[in-house]
Amino acid sequence: MSNILKPLKPPYDPAITAILANYPQQDSYILSLFRTFANSLRFLSRAVPNLLDKDSPLTLREREIVILRTTANRNCEYEWGVHIAIFSKAARLNETQIAATRERAVSEDVWSDKERLLICAIDDLCASGTITNRHLQDFQAVWTLEEQLEIMALCGTYHTVSFVANSARLANEDFGARFPEA
C-alpha cells in the first residue's frame with residue numbers, strides 16, 4: 001500500500017462504496033476530495049461532519065462566507081473553487097465579493113457590518129485559533145450561541161478539508177473556479 005495521499009479510484013471496497021453513496025455526486029462523479037477521504041474508512045465516515053445541511057443555524061450566504069474565507073486563508077484553491085462553482089450563485093455572492101474573499105483587507109464597501117464581523121472572526125480563528133479581544137464582544141453580541149459554535153465548527157472543518165486537499169495536491173475540479181489574479 002502506498003503512503004501517498006491521493007484520490008482512490010474505483011472499484012472501491014464495499015464499505016467505502018456504502019459510505020460514498022451518502023456523499024454528493026453528479027452523474028455518478030465523486031469529487032476528488034471525497035475519494036481522498038476514502039483512504040481511511042474512519043476518516044470518511046467520521047472525521048469531517050457534513051455541516052452543509054438545511055438545518056444549519058446560519059444562512060447559506062453566511063455559511064459560504066465562512067467556508068470561502070477559511071479556504072482562502074488556507075490557500076486551498078481546490079475547495080474554494082468547488083464552493084464558488086456550486087454555491088456562490090445561490091448564496092448571492094457577486095464577483096466583487098468572491099474576489100474579496102481572497103483579499104487581506106475587509107472592505108466596508110463590499111460587505112455588510114455583520115459580514116465584516118464574520119470575516120474578521122474567521123481571520124482571527126485562522127490566524128490564532130481564537131477570536132481576538134478586538135472582535136469577541138461584538139461577535140458574541142451578534143451571533144447566537146448555536147451560530148457561534150456552527151461558525152467555529154465550519155472554520156475547523158474547512159481547515160481540515162484544506163489540509164487534506166492541499167497535502168494531496170488535488171488538482172482543481174474541471175468545473176471549479178480559480179483564484180482571482182492578484
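Colleague: Which residues does S162 touch, leaving out those up to four places away in sequence?
Modeller: In this predicted model, S162 touches T71, R74, C76 and S167. S162 has its place in helix α9.

Colleague: Why is S162 called buried?
Modeller: The relative accessible area of S162 is 0%. Buried means under 20%, so S162 counts as buried.

Colleague: What makes α8 and α9 oblique to each other?
Modeller: The axes of α8 (residues 133-142) and α9 (residues 145-167) cross at roughly 120°. Roughly perpendicular covers 65 to 115 degrees, and roughly antiparallel starts over 145. The angle falls in neither class, and the pair is therefore oblique.

Colleague: How do you know that the two helices meet, and which residues take part?
Modeller: Their axes come within 8 Å. From α8, F139, Q140 and V142 meet E147, Q148, I151 and M152 of α9. By class, the residues of this contact are four nonpolar, two polar and one charged.

Colleague: What lines the second largest pocket?
Modeller: The lining consists of R69, A72, N73, R74, T101, R102, E103, R104, D123, C126 and A127. Helices α4 (60-73) and α7 (113-128) each supply at least two of these residues. The space in this pocket is about 220 Å³.

Colleague: How does that lining divide into nonpolar, polar and charged residues?
Modeller: Six are charged, three nonpolar and two polar. Asp, Glu, Lys and Arg count as charged, so R69, R74, R102, E103, R104 and D123 make up the six. R74 in this lining is also one of the residues that S162 touches.

Definitions and conventions:
Residues numbered from 1 in each chain as written. Predicted model: local features only at pLDDT ≥ 70, side-chain atom pairs only at ≥ 80, totals over all residues. Heavy atoms only, no water. Axes fitted to C-alpha atoms, helices over the stretch in contact; angles between N-to-C directions. Helix = DSSP H or I, 4+ residues; strand = E, 2+ residues; numbered from the N terminus. Parallel < 35°, antiparallel > 145°, perpendicular 65-115°, else oblique. Contact = heavy atoms within 4.5 Å. 1 Å grid on protein atoms, 1.4 Å probe; cavity = no way out; pocket = protein on both sides within 12 Å on 5 of 7 lines; lining within 4 Å. Points joined across faces, edges and corners; volume = space filled by probe spheres on them. Buried < 20%, exposed > 50% of the residue type's maximum accessible area, 1.4 Å probe, protein only.
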